[in-house]
Amino acid sequence: MTALVIRGGHLIDPAAGVDALKDILLKDGRVAEIASPGKLKSVEGAEVLDATGLTLAPGLIDIHVHLREPGQGYKETIATGTAAAAAGGFTSVAAMPNTTPVNDSVEITRWMQSPERNASIRVFPIAAATRGSKGETINDYAALKSAGAVAVSDDGRPILKDSVMREVLVAATRAGLSVIQHAEDTRLTQGASMNLGPVSFKLGLRGMPAEAESSMVERDIRLVTELRDPRAHLHVAHTSTAAALAAVRQARRSGLRVTCEVAPHHFLLTEEHVGLYDTHAKMCPPLRSAADRDAIIEGILDGIVDAIATDHAPHATHEKEVEFEHAPNGITGLETALGLSLYWLHKEWKLPLGRVLSLLSAQPAALLGLKGRGTLAVGSFADVVVFDPKAEWTYRATEGKSKSRNTPFDGWTMQGKVRWTISEGRIAYNAETA
Amino acid sequence: MNPTAPSVRRQLKTPPASASPFPYNPGSLLSVLDLSLEGVSKILNRATVLEKEDPLVRDRILAKRRVALLFYESSTRTRTSFELAAKSLGADTTLVSSLSSSIEKGESLKDTGLTLRALGAEAIILRHNSSGAAWLLEAETRLPVLNAGDGMHEHPTQALLDLRTILTHLRPGVETVDAETLAGVTVMIVGDILHSRVARSNMLLLPRLGARVLLCGPKELLPEMAAQAGPGIVIERDFEAALRQSQAVMMLRIQAERLAGLQLDLDEYKASYQLTGQRLATFAPSSVVLHPGPIIRGLEVTAGVADGSQSAILEQVHNGVAIRMAVVERALTAQIGGRA
């Protein structure tokens with residue numbers, strides 16, 4: 001493998017406490033050397049990238065994406081999804097198991113990571129917690145872990161039965177895997193297609209109450225409490241309500257290992273963005289009230305939120321061009337997460353750049369125990385994003401790398417333009433040749 | 001709010017929702033909110049003019065223009081009324097219903113709409129069981145779309161014909177309306193508000209003319225948040241107290257097809273909310289009684305009230321044809337004639 005030098009850039013590596021101009025040498029897929037500008041020792045024969053005026057950071061990590069393979073390649077493939085990820089500055093994604101068939105097996109877990117998938121970046125499968133994600137029978141977590149699974153989840157199909165969820169937590173803890181719960185009491189959300197409130201009433205749509213999320217988070221926290229095992233790790237996916245966030249906050253104060261992620265659409269948009277039945281504003285959990293959105297922002301700023309994750313959920317155009325209540329849930333997110341986070345969290349809401357980047361790399365890496373990722377300390381994987389932090393640009397969904405176009409952020413102003421994304425020492429995205 | 005939530009709230013700028021691009025076509029009538037009060041007045045005026053017009057003259061107004069009726073739900077009043085209205089202006093109409101069409105084979109609303117357009121339809125009148133369907137159809141076809149009822153959302157021509165009926169009784173002779181026209185008038189809407197598109201269109205239209213809208217019904221059918229749908233909307237759960245305040249009483253059917261598992265004790269419902277001759281005589285002896293139909297006699301209203309002297313139910317049906325003539329005419333002439 002050839003060596004790569006990135007020269008003249010400003011390195012921000014929150015996990016290593018670095019925030020300075022640095023040159024960096026990548027070799028054999030790892031970070032080989034970091035030095036002050038012009039001081040790298042062994043650069044002979046290395047390809048050189050000039051990052052003058054640009055920022056270098058650990059490659060971004062999205063722990064919640066839907067790559068749609070196997071089985072739904074018309075929406076996205078592992079190749080197109082990871083190309084979109086690389087364009088968005090991501091070097092690792094954790095792929096949810098709601099594929100066709102559901103990823104509840106060693107075979108599918110391996111298949112997803114096979115070189116034949118032509119992934120641009122690293123894909124970490126999240127295996128189904130239960131057989132077929134039906135919420136009944138526990139899968140073989142030890143086997144799934146050795147095949148490469150980094151967590152278990154029945155994303156989209158929450159585990160309702162207390163007894164099953166308890167068993168999942170016990171088994172995952174024994175295997176050393178995190179449990180990611182899509183917190184939704186589906187008994188309260190039957191037939192609903194947006195947040196329950198005055199807006200859903202006015203639009204004549206059945207609504208999902210905030211309690212459908214918070215009650216499930218509270219139930220899960222109670223189960224974790226009862227386990228009395230400090231290794232048990234519950235991770236709350238796409239937290240969308242003030243009440244659920246408050247429950248996580250309380251659990252953390254009690255010393256439990258309960259973490260949560262937030263999606264950009266939940267810190268930016270509210271139920272008002274549904275407008276007149278815009279199916280690009282339909283996802284689950286739904287866009288919530290302004291009070292919930294404000295609580296989510298506050299949670300990011302005060303540090304209770306552990307990670308930004310996109311819940312990248314591509315759908316074909318024709319699937320979204322239908323009656324609102326019949327449209328599938330979800331929007332794409334990989335190509336807009338960094339631009340939206342830098343524009344809103346950093347520029348508008350003054351969250352320091354290092355903390356924004358940490359929410360997109362170091363913290364999600366720590367959450368799922370992705371060793372050697374989320375930092376650029378010497379010896380780490382050579383996963384790097386190089387971007388122009390000052391560049392403002394307009395996102396156009398039609399120019400995206402994802403196979404799908406279902407985004408509410410088409411035409412939005414983004415801050416920070418990715419120049420290169422480097423995955424394990426290899427250039428996965430180059431803005432000039434993209 | 002949970003006591004452990006942060007107490008400090010920062011004032012942050014957040015991205016606003018973008019302005020609505022609807023309606024794309026000036027001839028469309030998707031929501032009562034698409035109409036200015038001037039636009040409402042024009043429709044009321046044209047309804048009267050067209051109603052009085054010599055049928056042979058009227059027949060030439062939209063001679064041979066093509067109007068499609070696309071119905072995904074069964075309907076007697078609305079469908080027949082729109083069809084008679086369009087035909088009496090000379091238009092050719094064609095009916096496509098979800099049964100006996102390619103919709104049964106799984107054709108999408110978008111494709112059905114584009115097909116109708118390719119067949120030469122110049123406007124589509126849509127009745128659909130999904131809220132928002134009319135917006136989807138308009139966005140995809142860019143034709144004038146008349147919303148003849150979308151799910152639990154809106155039924156704008158019903159609100160217009162209800163307004164015409166209310167005006168006839170409470171403001172006889174008035175056809176040009178403004179923000180004061182119904183000042184001092186209370187209109188109560190009773191029953192299954194949650195599932196009612198008629199209620200939503202009326203509660204969004206009538207307060208703009210100065211009326212107070214009183215919503216009445218049990219919690220299961222009338223959530224508190226209904227009062228936040230717009231200005232001038234108040235909830236009064238006590239049926240008799242509401243009757244005492246109202247000059248117009250609009251009764252609604254319980255929409256069994258939309259209850260989605262909700263269990264209702266019908267005897268209890270009747271005891272609390274049925275409009276009986278006795279209640280009407282005692283609490284609202286001079287009020288006008290409306291009902292969008294279909295009526296379930298003996299449930300929300302007694303047969304005596306439905307057929308009684310205060311009932312304007314058949315007048316409403318009659319007004320429907322006149323209002324829909326005006327709305328269909330507007331749909332097909334909005335661009336050419338420039339009428340709002």
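Helix 11 of chain A is largely enclosed by the rest of the structure, because 9 of its 12 residues are buried. This is a statement about a predicted model, and the report below moves from this helix to the rest of chain A, then to chain B, and last to the place where the two chains touch.

**Helix 11 of chain A and the loop after it**

The buried residues of helix 11 of chain A are A337(A), L338(A), G339(A), L340(A), S341(A), L342(A), Y343(A), W344(A) and L345(A). Just after helix 11 of chain A comes K350(A), which has a positive phi of about 65 degrees.

L351(A) lies in the loop that links helix 11 (337-348) to helix 12 (353-359) of chain A. Is L351(A) buried or exposed? L351(A) has 20 other C-beta atoms within 10 Å, and a residue counts as buried if 20 or more are found there, so L351(A) is buried. Leaving aside residues up to four places away in sequence, L351(A) touches I300(A), L301(A), L345(A), H346(A) and V356(A). One of these partners, L345(A), is also among the buried residues of helix 11 of chain A. Another partner, I300(A), is 51 residues from L351(A) in sequence, while the C-alpha atoms of the two are 8.8 Å apart in space.

A second loop residue can be described in a similar way. G425(A) sits in the loop between strand 17 (413-423) and strand 18 (426-430) of chain A. G425(A) is buried, because 20 other C-beta atoms lie within 10 Å. Along the chain, G425(A) and L25(A) are 400 residues apart, yet 9.4 Å separates their C-alpha atoms.

**The two chains as wholes**

The table sets out some overall values for each chain.

| Chain | Helices and strands | Span along principal axes | Buried residues |
|---|---|---|---|
| Chain A | 13 helices, 18 strands | about 65 × 45 × 40 Å | 62% of 434 residues |
| Chain B | 12 helices, 9 strands | roughly 60 × 55 × 40 Å | 47% of 340 residues |

The radius of gyration of chain A is 21 Å, which agrees with the value near 22 Å for a compact globule of 434 residues. For chain B, a compact globule of 340 residues would have a radius of gyration near 20 Å, and the chain's 21 Å agrees with that.

Contacts can also be sorted by how far apart the residues are in sequence. Of the contacts in chain A with a separation of 6 or more, 75% are between residues 24 or more positions apart. In chain B, 75% of the contacts between residues at least 6 apart in sequence join residues at least 24 apart.

**Domains of chain B**

Chain B is divided into domain 1 (6-155 + 319-333) and domain 2 (156-312). The centres of domain 1 and domain 2 of chain B, taken over C-alpha atoms, are 24 Å apart. Where they meet, domain 1 of chain B gives 27 residues to the contact and domain 2 of chain B gives 24 residues.

Which elements give two or more residues to the side of domain 1 of chain B that touches domain 2 of chain B? They are helix 1 (37-52), strand 4 and helix 12 (313-337) of chain B. Helix 1 of chain B gives the most to this side, with 8 residues. By class, this side of domain 1 of chain B has 12 nonpolar, 11 polar and 4 charged residues.

**Strand 3 of chain B and its partners**

Strand 3 (residues 123-128) of chain B is mostly covered, with 6 of its 6 residues buried. On one side of strand 3 of chain B the buried residues are A123(B), I125(B) and R127(B), and on the other they are I124(B), L126(B) and H128(B).

Strand 3 of chain B runs parallel to strand 1 (residues 66-71) of chain B, and 5 bridges join the two. In strand 3 of chain B, I125(B) stands opposite L69(B). Strand 3 of chain B also pairs in the parallel sense with strand 4 (residues 145-150) of chain B, over 4 bridges. Here I124(B) stands opposite V145(B) in strand 4 of chain B. Between strand 3 and strand 4 of chain B the chain passes through helix 5 (residues 133-141) of chain B, and this β-α-β crossover is right-handed.

**Where chain A touches chain B**

How many residues of each chain take part in the contact between chain A and chain B? There are 32 residues of chain A in contact with 32 residues of chain B. On the chain A side, helix 5 (198-203), helix 7 (242-253) and helix 9 (290-302) of chain A are the elements that give two or more residues. The residues on this side of chain A are 15 nonpolar, 7 polar and 10 charged.

How values were computed. Residues numbered from 1 in each chain as written. Chains lettered and ligands numbered in written order. Predicted model: local features only at pLDDT ≥ 70, side-chain atom pairs only at ≥ 80, totals over all residues. Contact = placed C-beta atoms within 7 Å. Nonpolar A, V, L, I, M, F, W, Y, C, P; charged D, E, K, R; others polar. Pairing = 2+ DSSP bridges. Right-handed = clockwise from strand over helix to strand, strands pointing away. Rg over C-alpha atoms; globule rule 2.2 N^0.38 Å. Domains from an automatic or database assignment.
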